[in-house]
Amino acid sequence: MPTPTAPVPSEVKRALERLGADVSEARRRRRLPMDVVADRALTTRQTVARIERGDPRVAIGTWASVLFALGLANRLGELAAPAGDREGLALEAKRLPKRVRVPRTDRGNP
């Protein structure tokens, strides 16, 4: 009996399906059968097929291994990089003070 999982937001589901389709296309462009990718990623052919369908129950480590097997893992570290977080940067910019003052006790000290 499969392990029950928490529901996944529809936006996340669509993103995983898109990523899975991209993985499938990358594999086919490289002319690699699922079995070869599965062997290189240390997983099974069935799991590679689940990834290509965008199954949210596949562990992120397995996704990463398949991306590595395809030579695409180099961008994984950039997924949540602070420099690419537009919303976080915008929120931080809103919190910046309008003016910055030197405290009175430090004004006379160089």
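**Helix α3 and its neighbours**

Let me begin with a pair of helices: α3 and α4 are roughly perpendicular to each other, a label given to angles of 65 to 115 degrees. Their axes come within 11 Å and cross at roughly 95°, where axes are lines fitted to C-alpha atoms, for helices over the stretch in contact, and angles run from 0 to 180 degrees between N-to-C directions. Helix α4 covers residues 60–69, and α3 covers residues 45–53; helices here are DSSP runs (H or I, at least four residues), numbered from the N terminus.

Before going on, I should say that this is a predicted model, in which local features need pLDDT of at least 70 and side-chain atom pairs count only at pLDDT 80 or more, while totals for chains, interfaces and linings use all residues. Residues are numbered from 1 along each chain as its sequence is written, and side-chain values use heavy atoms, with hydrogens and water left out.

Which residues make the contact between α3 and α4? From α3 they are Thr47, Val48 and Ile51, and from α4 they are Thr62, Trp63 and Val66, contact meaning heavy atoms within 4.5 Å. Of these residues, 4 are nonpolar, 2 are polar and none is charged.

The second pair is α1 with α3, whose axes come within 6 Å and cross at roughly 125°. On the α1 side the contact involves Glu17, Gly20, Ala21, Val23, Ser24 and Arg27, and on the α3 side Ile51, Glu52 and Arg53. This set divides into 3 nonpolar, 2 polar and 4 charged residues.

Glu52 of α3 deserves a pause, as its relative accessible area is 12% and the residue is therefore buried, a word used under 20% (1.4 Å probe, protein chains only). Its side chain is joined to that of Arg27 by a polar contact of 2.6 Å, that is, a pair of N or O atoms within 3.5 Å, one able to donate a hydrogen and the other to accept it.

Finally, the largest nonpolar core has 18 residues, and those touching the most other members are Val23, Val37, Val48, Ile51, Val66 and Leu70. Such a core is a set of buried Ala, Val, Leu, Ile, Met, Phe, Trp, Tyr and Cys residues joined through side-chain atoms within 4.5 Å. Two or more residues come from each of α1 (10–29), α2 (34–40), α3 and α4, and α4 gives the most, with 4 residues. Leaving aside neighbours within four places in sequence, Val23 is in contact with Ile51, Glu52, Val66, Leu67 and Leu70.

Technical notes:
Buried < 20%, exposed > 50% of the residue type's maximum accessible area, 1.4 Å probe, protein only. Parallel < 35°, antiparallel > 145°, perpendicular 65-115°, else oblique. Nonpolar A, V, L, I, M, F, W, Y, C, P; charged D, E, K, R; others polar.
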